[in-house]
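Thanks for coming, everyone. I have one structure to show today. Please take a look at it before I start.

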Amino acid sequence: MEDQDKKPSFGQVVLSTLAAAIGVQSNKNRERDFKGGSIKAYIAAGVIFTTLFVITLILVVKTVLSNMG
C-alpha cells in the first residue's frame, strides 16, 4: 500500500501520459496517478506530448510532400 501513497516519478508521469495518448492504462497505474499525482504534472506532460506529436506530424508531412516532387 505504500507504493500507492507516494508521488509518481517523472518517468511514471511520462509513461502514464503516453498510455493515455494511445488509450491503454492498467487499473493499478490509473489509481496511482489519481491518488498521488499532481494535476499540474499531468497537464504539463500532456501539453508537451501533444506539441511534440503535432510537430512530428508536420515534419513527416513536409518531408513526404517535398519528396514527391
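I will go from the whole chain to one helix pair, and then to three residues.

One caution up front: this is a predicted model. So please read every value here as computed from a prediction.

Overall layout. The chain has four helices and zero strands. Read from the N terminus, the order of elements is α-α-α-α.

Now the dimensions. Along the principal axes, the C-alpha atoms fill a box of roughly 60 × 20 × 15 Å. The radius of gyration is 16 Å, whereas a compact globule of 69 residues would come out near 11 Å. And how much of the chain counts as buried? The figure is 14% of the 69 residues.

Next, the helix pair. In general, two packed helices are described by the angle between their axes and the distance between the axes. Here the pair is H2, residues 10-22, and H4, residues 39-67. Their axes come within 10 Å. They cross at roughly 60°. H2 and H4 are therefore oblique to each other. As for handedness, the crossing of H2 and H4 is right-handed.

Which residues meet there? On the H2 side, we have Val 13, Ser 16, Thr 17, Leu 18 and Ala 21. On the H4 side, they meet Ala 41, Tyr 42, Ala 45, Gly 46 and Phe 49. By type, the residues of this contact split into seven nonpolar, three polar and no charged.

Let me pick two residues from H2. Start with Val 13, in helix H2. Is Val 13 buried or exposed? Its relative accessibility is 9%, under the 20% cut-off, so Val 13 counts as buried. Beyond four places in sequence, Val 13 touches Pro 8, Ala 41, Tyr 42 and Ala 45. Take Tyr 42 as one of these. Val 13 and Tyr 42 sit 29 residues apart in sequence, yet their C-alpha atoms are 6.6 Å apart in space.

Second, Ser 16, also found in helix H2. Ser 16 has a relative accessible area of 5%, so it is buried. Setting aside neighbours within four places in sequence, Ser 16 is in contact with Gln 25, Arg 32, Asp 33 and Tyr 42. Tyr 42 is therefore a name to remember: it is on the H4 side of the helix contact, and it turns up in the contacts of Val 13 and of Ser 16. One distance as well: the C-alpha atoms of Ser 16 and Arg 30 are separated by 7.9 Å, with their positions 14 residues apart along the chain.

Last, a residue outside the helices. Where is Lys 6? Lys 6 is in the loop between helix H1, residues 2-5, and H2. At 53% relative accessibility, Lys 6 is over the 50% cut-off, so it counts as exposed. The C-alpha atoms of Lys 6 and Asp 33 are 9.9 Å apart, and the two residues are 27 apart along the chain. Asp 33 came up a moment ago, among the contacts of Ser 16.

That is my tour. Over to you.

Technical notes
Residues are numbered from 1 along each chain as its sequence is written. This is a predicted model: local features need pLDDT of at least 70, side-chain atom pairs count only at pLDDT 80 or more; totals for chains, interfaces and linings use all residues. Side-chain values use heavy atoms; hydrogens and water are left out. Axes are lines fitted to C-alpha atoms, for helices over the stretch in contact, and angles run from 0 to 180 degrees between N-to-C directions. Helices (H or I, at least four residues) and strands (E, at least two) are DSSP runs, numbered from the N terminus. Angles under 35 degrees count as roughly parallel, over 145 as roughly antiparallel, 65 to 115 as roughly perpendicular and the rest as oblique. A crossing is left-handed if the near helix is turned anticlockwise from the far one by less than a right angle, and right-handed if clockwise. Contact means heavy atoms within 4.5 Å. Ala, Val, Leu, Ile, Met, Phe, Trp, Tyr, Cys and Pro count as nonpolar, Asp, Glu, Lys and Arg as charged, and the others, Gly among them, as polar. The radius of gyration is taken over C-alpha atoms; the globule rule is 2.2 Å times the number of residues to the power 0.38. Buried means under 20% relative accessible area, exposed over 50%, partly exposed in between (1.4 Å probe, protein chains only).
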